Amino acid sequence: MRNHEFDQCMRRIQKGDKTGLKDIYEGYISYIYAVILGIVRNRENAEDLTAEFFVRLWSSADSYRPGGGHKAWMTTIARNMAIDFMRKSGREQLVEEIADEAELSARNSMENEVIGRMNFRETVAKLTDTERQIVTMKLAGDMTFKEIAGILGMPMGTVTWKYQSSMEKLRRAGV
């Protein structure tokens with residue numbers, strides 16, 4: 001979806017027209033889910049937060065200012081929601097999720113050794129959180145390095161370097 005199309009959808013939302021939200025939802029559900037999942041690392045929580053994101057988008061439509069880059073705006077909201085969730089959920093839950101994820105990952109790794117091929121999700125799981133967010137924003141969000149750098153608060157050179165090293169990891173893993 002291009003900026004002007006997004007702006008039109010937001011104007012419809014501001015007028016109370018739910019079709020604007022529907023169009024944004026259909027265009028960005030996978031991307032927003034990927035951004036959130038990359039931070040919370042739990043499918044159920046990512047699904048809940050993704051749904052909450054679109055409720056928040058509806059309720060905060062009046063604060064949207066056209067022309068500022070809608071992908072960066074949405075990504076910032078999604079990231080902040082996920083980070084807030086992680087802070088509120090506490091360290092105990094995070095430790096349990098990491099243990100569950102590690103067990104699942106080990107099981108998947110054994111299966112993949114037997115099959116002889118590693119799937120994309122397992123490979124991406126080997127990236128750091130920052131690398132995963134950069135790859136998601138670049139590939140799924142089609143964002144520029146400059147936009148990603150602004151969202152993450154990092155120098156553009158660092159973002160570019162992390163993206164390239166992440167892609168090299170993925171290439172070495174055969175993805």
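Me: In this predicted model, which residue forms a salt bridge with aspartate 23, and how far apart are the closest N and O atoms?

Reply: A salt bridge is a side-chain nitrogen of Lys or Arg within 4 Å of a carboxyl oxygen of Asp or Glu. Here the partner of aspartate 23 is arginine 12, and their closest N and O atoms are 2.7 Å apart. This pair links distant parts of the chain, since aspartate 23 belongs to helix α2 while arginine 12 belongs to helix α1 (residues 3–14), with their positions 11 residues apart in the numbering.

Me: Are these two side chains buried or exposed, or something in between?

Reply: Residues between the cut-offs of 20% and 50% relative accessible area are called partly exposed. Aspartate 23, with a relative accessible area of 27%, is partly exposed, and arginine 12, at 26%, also counts as partly exposed.

Me: How many salt bridges does a search of the whole structure find, and which residue pairs with lysine 22?

Reply: The search finds six salt bridges. Lysine 22 pairs with glutamate 26, with 3.1 Å between the closest N and O atoms. Lysine 22 itself is partly exposed, at 46% relative accessibility.

Me: Why can residues that are not next to each other in a helix point the same way?

Reply: An α-helix has 3.6 residues a turn, so residues three or four places apart point the same way. In this structure, lysine 22 and glutamate 26 both lie in helix α2, four residues apart, which is about one turn of the helix. Another case is in helix α4 (residues 70–115), where arginine 87 and aspartate 84 are three residues apart and therefore separated by about one helical turn. Their side chains meet in a salt bridge, at 3.6 Å from N to O. Of this pair, arginine 87 is exposed, with a relative accessible area of 65%, whereas aspartate 84 is partly exposed, at 33%.

Me: What span would a straight helix of 23 residues have, and what does helix α2 span?

Reply: At 1.5 Å a residue, a straight helix of that length would span 33 Å, but helix α2 (residues 18–40) spans only 28 Å between its end C-alpha atoms. Along its course, α2 bends by about 60° at tyrosine 28.

Me: Which residues of α2 are buried, and what phi does arginine 41 take just after the helix?

Reply: Tyrosine 28, where the bend lies, is one of the buried residues of α2, and among the others are Leu21, Ile24, Tyr31, Ile32 and Val35. Just after α2, arginine 41 takes a positive phi of about 55°.

Notes. Residues numbered from 1 in each chain as written. Predicted model: local features only at pLDDT ≥ 70, side-chain atom pairs only at ≥ 80, totals over all residues. Heavy atoms only, no water. Helix = DSSP H or I, 4+ residues; strand = E, 2+ residues; numbered from the N terminus. Expected span 1.5 Å × (residues − 1). Bend = angle between axes of the 7 residues up to and from the residue. Buried < 20%, exposed > 50% of the residue type's maximum accessible area, 1.4 Å probe, protein only.
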